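Here is a short tour for anyone meeting this structure for the first time. Have a look at the picture, then read on.

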Amino acid sequence: MSAALLIDILLWGSVLGVGLLAFRRGKPVFKASLREGSMDFINIVPRIALGVIGSGYIAAIIPQEVITGWLGPDSGWLGVATAVVAGAATPGGPVIGFSIGTVALKSGGGVPQVVAYVVAWALFAFQRVILWEIPFMPARFVWFRCAVSVPFPFVAAAIAMVIGKP
Amino acid sequence: MSEPFPNNPAPAEDAESEPRPGRIRKPIGWSTIIIAVLVAVSAALVWRRDGTEGVLDILTHDLSLFGGILPRVLAGCLLGAFISEILPHEKVSRSLGPNSGLMGLLMGTAFGAILPGGPFTAYPVASALLAVGADFGATIAMVVSWTLIGYGRAVAWEIPIMGTDFTLWRIVISLPLPVLAGALGRFVYVRLYPKRDAEDDET
């Protein structure tokens, strides 16, 4: 909770900082960007509402056990590939993603596979992509970024195999 | 950013002379429709399994989540708008544009790593960078850096759940990835859209 508070303070502190910089450029600049930011907010709220309120239903029909099952002790590259698919398919927020990773580590999942899972989840968990990234960014960029990101969970797993356990 | 006054009029003029690409698009698009269908189908499945009560349980929980997130979304939108207004377009396209080289990718990575907040800040800010002249490569480096080596999610979620050792180790492994992803992005982009790249070069 205190971490969340810290993040909020940093966040609004940054808004204040760049807002002040914009204000020093002149009142019209400040007003224009304030209006623009507010308009963006108004435009984005319906989509965020749909995503956040709807994501609970999506998470409810993809039970965590299914994802955890994919992260079994299957070592090697097939296990890494399964972990990448599992990371992309994991619904819900960071609590679910990291909890699944922890469960997999404790129940005998390989470390490179869990690293691949966490990295894949961070890079292109489908729910974050459709809920957050698509509303805010040009769709062309989002798909391009996701496609380009596909090799990197494998790269992370390879590095993990080379340098060993934490 | 460090010398705001001497070139005061330049950014404003710049912003007016070429209409800025809309950072955030219309509220309804095909992706919204897909999500709406996905949510409707999921909600129907939940209703069949758990009845009306199950549907309402999830609804109230997610509504409170939504209420908590809203102020942060506003902060993210304001941050994006201010940043796109105060960053001089010329400088951004020089230091984060298609010809910014490794330095541009490193700057994108550094920017993503220090950016505060969650997805509600990272994506509006990334979108603002794209709008003021950063290329896909540098922006990919920024987004990937935010998600893999940014401290926000690591401090708030990963360390408490997965432990400090695993988290730090995972971050060390991830260190080269943003630059590599940005480089790959640039490499592919130039080959996919050679014409657009040429246009960018002119500016």
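## Where the two chains meet

Let's start with the contact: chain A puts in 69 residues and chain B puts in 73 residues. On the chain A side, the elements giving two or more residues are helix H1 (2-24), helix H2 (27-61), helix H5 (94-106), H6, helix H7 (126-136), H8 and H9 of chain A. H2(A) gives the most to that side, with 24 residues. Sort the chain A residues that touch chain B by character and you get 48 nonpolar, 13 polar and 8 charged. Keep in mind that this is a predicted model.

## Chain A as a whole

Chain A has 9 helices and 0 strands, so its pattern along the sequence reads α-α-α-α-α-α-α-α-α. The domain assignment splits chain A into domain 1 (1-43) and domain 2 (62-163). Measuring from C-alpha centre to C-alpha centre, domain 1 of chain A and domain 2 of chain A are 32 Å apart.

How does chain A's radius of gyration relate to that of a compact globule of 166 residues? Such a globule would come out near 15 Å, but chain A has 20 Å. Along the principal axes, the C-alpha atoms of chain A fill a box of roughly 60 × 35 × 35 Å. Of the 166 residues in chain A, 49% are buried. Looking at contacts in chain A with a separation of 6 or more, 76% come from residues 24 or more positions apart.

## Helix H9 of chain A

Now zoom in on helix H9 (residues 151-163) of chain A. With 13 residues at 1.5 Å a residue, it should span 18 Å, and its end C-alpha atoms are 19 Å apart, which agrees. Its buried residues are A:Phe152, A:Pro153, A:Ala156, A:Ala157 and A:Ala160. They cover an arc of only 145° around the axis, so they sit on the same side of H9(A). As a bit of background, an α-helix has 3.6 residues a turn, so residues three or four places apart point the same way.

What covers the buried residues of H9(A)? The cover includes helix H4 (76-89), helix H6 (111-124) and helix H8 (139-149) of chain A, together with helix H8 (164-174) and helix H9 (177-192) of chain B. Right after H9(A) comes A:Gly164, with a positive phi near 90°.

## Helix H8 of chain B

Over in chain B, H8(B) has B:Phe166, B:Thr167, B:Arg170, B:Ile173 and B:Ser174 buried. Their arc around the axis is only 125°, which puts them on the same side of H8(B). On the other side of H8(B), B:Thr164 and B:Asp165 are exposed.

The buried residues of H8(B) pack against both chains: H6 and H9 of chain A, plus helix H6 (136-149), helix H7 (151-162) and H9 of chain B.

## Helix H4 of chain B

Last stop: helix H4 (residues 101-114) of chain B. Its 14 residues reach 21 Å from first C-alpha to last, close to the 20 Å expected at 1.5 Å a residue. Buried here are B:Gly104, B:Leu105, B:Gly108, B:Thr109, B:Phe111 and B:Gly112. Because they cover an arc of only 165° around the axis, they lie on the same side of H4(B).

Which residues of H4(B) are exposed on the face turned away from its buried side? That face carries B:Leu102 and B:Met103. As for the buried residues of H4(B), they pack against helix H3 (89-96), H6 and H9 of chain B.

Definitions and conventions: Residues numbered from 1 in each chain as written. Chains lettered and ligands numbered in written order. Predicted model: local features only at pLDDT ≥ 70, side-chain atom pairs only at ≥ 80, totals over all residues. Helix = DSSP H or I, 4+ residues; strand = E, 2+ residues; numbered from the N terminus. Expected span 1.5 Å × (residues − 1). Buried ≥ 20, exposed ≤ 12 C-beta atoms within 10 Å, placed from the backbone. Arc of directions from axis to C-beta. Contact = placed C-beta atoms within 7 Å. Domains from an automatic or database assignment. Nonpolar A, V, L, I, M, F, W, Y, C, P; charged D, E, K, R; others polar. Rg over C-alpha atoms; globule rule 2.2 N^0.38 Å.
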